[in-house]
Amino acid sequence: HIFTSHFYTTLSDEGPAAVESWTARKNVDIFSKRLIFIPVNISLHWSLCVVVNPGAIMNSHGEVDSRDDLYPCFFFLDSLKAHRKGLVTAHVRKWLNSEWKRLKKSQTTEAPFSKETMPVHDPKVPYQDNSWDCGVFVCRYAFALFMNREDDVTYGDRNPMGGGKPFSSFITENGSFQFDKSHIVRLRREMGTLIDRLGVLYKKYRQKEDEMAAEEKKKKKKRKEALQEAKTTTTDEEGSEKETKGEEATVQDKPAIKQEEDEEDVGTHFV
């Protein structure tokens, strides 16, 4: 699962409740995911926080039977090592516990994610040698992990046979992570080309959306005018009907008036 950078910004500023709808509204169960990508942007620098095997968190609360058991943890990949991984992962743990509680994943364990049960690892990866390529490195890290998404992250990867460094084979020495500056330069160029092409398509899309909105506005205006005209016609008809009834009433009253006048004439003649 991949979040936008707004996810972490909102989470760190406003807390887990502010991002609950990001998963609840789409019925996303994050504990069914192998990897959750969370890009982080702080002080004009990008890094990547990856939640690994969150659904296997209960493995950390008991004895592990095999080196092949899924290992829950964080990967924190930062091309300048500038961000505080402990602070970032602390915010994400709060969110994980909030989601665990919301989805009622356990009747006995309410907040299983802690520094001990969900540790953070920052294995050696290629690093940048300038001050502007951090965003491209984050995309490249994410792509490398995505390429290995079918491979399980296990307790055996954390504790390699022979005493190697944690995740040396899964990340550091993995072919997907073997890239250098020339790859980053090419990737930046390809991303620029892609953005330009998407920009053309987006402009066409926006133009069509604007045209449809303008057409809908015209239709609403016509419907409003038709409704107003219908109301005016009804009002005129009601006024005409009242006038007709008034005239009929006047005509009906005339014989009575005539009769009164005749009676007055008879009285006068008698006198």
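**Exercise 1.** In this predicted model, decide whether E110 is buried or exposed, and identify the residue with which the side chain of E110 meets in a salt bridge.

*Solution.* Begin with E110, whose relative accessible area is 55%; because the cut-off for an exposed residue is over 50%, E110 counts as exposed. Next, look for the partner: the side chain of E110 meets that of K101 in a salt bridge, at 3.7 Å from N to O. Finally, K101 also counts as exposed, at 54% relative accessibility.

**Exercise 2.** Find the residue that forms a salt bridge with D29, and work out which parts of the chain the pair ties together.

*Solution.* The partner is K105, with the closest N and O atoms 2.7 Å apart. D29 lies in the loop between α2 and β1, while K105 lies in the loop between α3 and β4, so the pair ties together parts that are 76 residues apart in sequence. As for accessibility, D29 is partly exposed at 25%, and K105 is partly exposed at 36%.

**Exercise 3.** Describe the salt bridge between D122 and K85, and place both residues in the chain.

*Solution.* The closest N and O atoms of D122 and K85 are 3.6 Å apart. This pair links distant parts of the chain, since D122 sits in the loop between β4 and α4 and K85 in helix α3, 37 residues away. D122 is partly exposed, with a relative accessible area of 36%, and K85 is likewise partly exposed, at 31%.

**Exercise 4.** State which residues make the nonpolar surface patch of about 310 Å², and locate F146.

*Solution.* The patch is made by F143, F146 and M147. F146 belongs to helix α4, residues 134-147, and is partly exposed, with a relative accessible area of 40%.

Key:
Residues numbered from 1 in each chain as written. Predicted model: local features only at pLDDT ≥ 70, side-chain atom pairs only at ≥ 80, totals over all residues. Heavy atoms only, no water. Patch = residues over 30% accessible without salt bridge, like charges linked within 9 Å, V, L, I, M, F, W, Y side chains within 5 Å. Areas by Shrake-Rupley, 256 points an atom, 1.4 Å probe, with all protein chains shown as cover. Salt bridge = Lys/Arg side-chain N within 4 Å of Asp/Glu carboxyl O. Helix = DSSP H or I, 4+ residues; strand = E, 2+ residues; numbered from the N terminus. Buried < 20%, exposed > 50% of the residue type's maximum accessible area, 1.4 Å probe, protein only.
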